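Me: I have a structure open on my screen and would like a close look at a single part of it. Could you pick one residue, say how exposed it is and what it touches, and then work outwards from there?

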Amino acid sequence: MMNFVVKTLANAGALAVAIWLLGDITLTGDSTGDKALTLVLVALVFGVVNILVKPLVQVLTLPLFILTLGLFTLIVNALMLLLTSWLADKLDLGFHVEGFWTAVLGGLIISVVSWALNVVMPDGRD
């Protein structure tokens, strides 16, 4: 359970950095508390998308991963971010990603920041 909380917080932090760096990724809310709650909920949606959908997409596109020596991962990450944006819209969460190339850059930022946060945060497996 602690590992799940740590990964969700790392995703929330990574999403916050992407929102801060890229103007076309937006998070809306009436107050700072609303924005923080929305960010955590979006991080949960992003985590669920990465757990359920991403492995299926990776298996179905395995030849492209091999052909591009893994660079297709950037495209898959962008698609997962766009799917998260779409789901957030359906769930009335104030999160939106504008455009595919923004999603590619956002996915790259989120991957790097999430990896770095997961390295420094405890994983709860003590």
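Reply: Happy to! Let's begin with Thr 38, which has a relative accessibility of 11% and therefore counts as buried, the cut-off being under 20%. Thr 38 sits in helix 2, in a model that is predicted. Leaving aside residues up to four places away in sequence, Thr 38 is in contact with Leu 27, Thr 28, Leu 93 and Gly 94. Gly 99, on the other hand, is 61 residues from Thr 38 in sequence and 21 Å from it in space, C-alpha to C-alpha.

Before going further, a word on confidence. The protein chain has a mean pLDDT of 90, with 96% of its residues at 70 or more. Strand 2 has the highest confidence, at 95, and helix 1 the lowest, at a mean of 89.

Now to helix 1, which meets helix 2. Helix 1 covers residues 2-21, 20 residues in total, and its first and last C-alpha atoms are 29 Å apart, close to the 28 Å expected at 1.5 Å a residue. Its buried residues are Val 6, Thr 8, Ala 10, Asn 11, Ala 12, Ala 14, Leu 15, Ala 18 and Ile 19. These pack against helix 2 (32-52), and also against strand 1 (25-27), helix 5, strand 2 (95-97) and helix 6 (100-120).

Two neighbours in helix 1 are worth comparing. Thr 8 is buried, at 10% relative accessibility, and touches Val 40, Ala 43 and Leu 44, again without residues up to four places away in sequence. Leu 9, also placed in helix 1, has a relative accessible area of 45% and is partly exposed. Val 40 comes up here too: its C-alpha atom is 7.3 Å from that of Leu 9, although their positions lie 31 residues apart along the chain.

Next, the largest pocket, with a volume of about 370 Å³. It is lined by 21 residues, and those closest to its centre are Asn 11, Phe 46, Gly 47, Asn 50 and Ser 114. Asn 11 is also one of the buried residues of helix 1. Helix 2 makes the biggest contribution to the lining, with seven residues, while helix 1, helix 2, helix 5 and helix 6 each supply at least two. Sorted by class, the lining has ten polar, nine nonpolar and two charged residues.

That brings us to helix 5. For the 19 residues of helix 5 (residues 72-90), a rise of 1.5 Å a residue should give a span of 27 Å, and the end C-alpha atoms are indeed 27 Å apart. The buried residues here are Phe 72, Val 76, Asn 77, Ala 78, Met 80, Leu 81, Thr 84, Ser 85 and Ala 88.

Finally, look at the loops on either side of helix 5. Most residues other than glycine have a negative phi. Leu 69, in the loop between helix 4 (62-67) and helix 5, has a positive phi near 55°. Leu 69 is exposed, with 78% relative accessibility. Just after helix 5 comes Asp 92, in the loop that leads to strand 2. Asp 92 is not a glycine, yet its phi is positive, at about 60°. At 73% relative accessibility, Asp 92 counts as exposed, whereas Thr 38, where we started, is buried.

Methods
Residues are numbered from 1 along each chain as its sequence is written. This is a predicted model: local features need pLDDT of at least 70, side-chain atom pairs count only at pLDDT 80 or more; totals for chains, interfaces and linings use all residues. Side-chain values use heavy atoms; hydrogens and water are left out. Helices (H or I, at least four residues) and strands (E, at least two) are DSSP runs, numbered from the N terminus. The expected span of a helix is 1.5 Å times one less than its number of residues. Buried means under 20% relative accessible area, exposed over 50%, partly exposed in between (1.4 Å probe, protein chains only). Contact means heavy atoms within 4.5 Å. pLDDT is the predictor's confidence in each residue, from 0 to 100. On a 1 Å grid over the protein atoms alone, a cavity is a set of points where a 1.4 Å probe fits but cannot get out, and a pocket is an open set with protein on both sides within 12 Å along at least five of seven lines; lining residues have an atom within 4 Å of a point. Grid points are joined across faces, edges and corners, and a volume is the space filled by probe spheres set on the points. Ala, Val, Leu, Ile, Met, Phe, Trp, Tyr, Cys and Pro count as nonpolar, Asp, Glu, Lys and Arg as charged, and the others, Gly among them, as polar.
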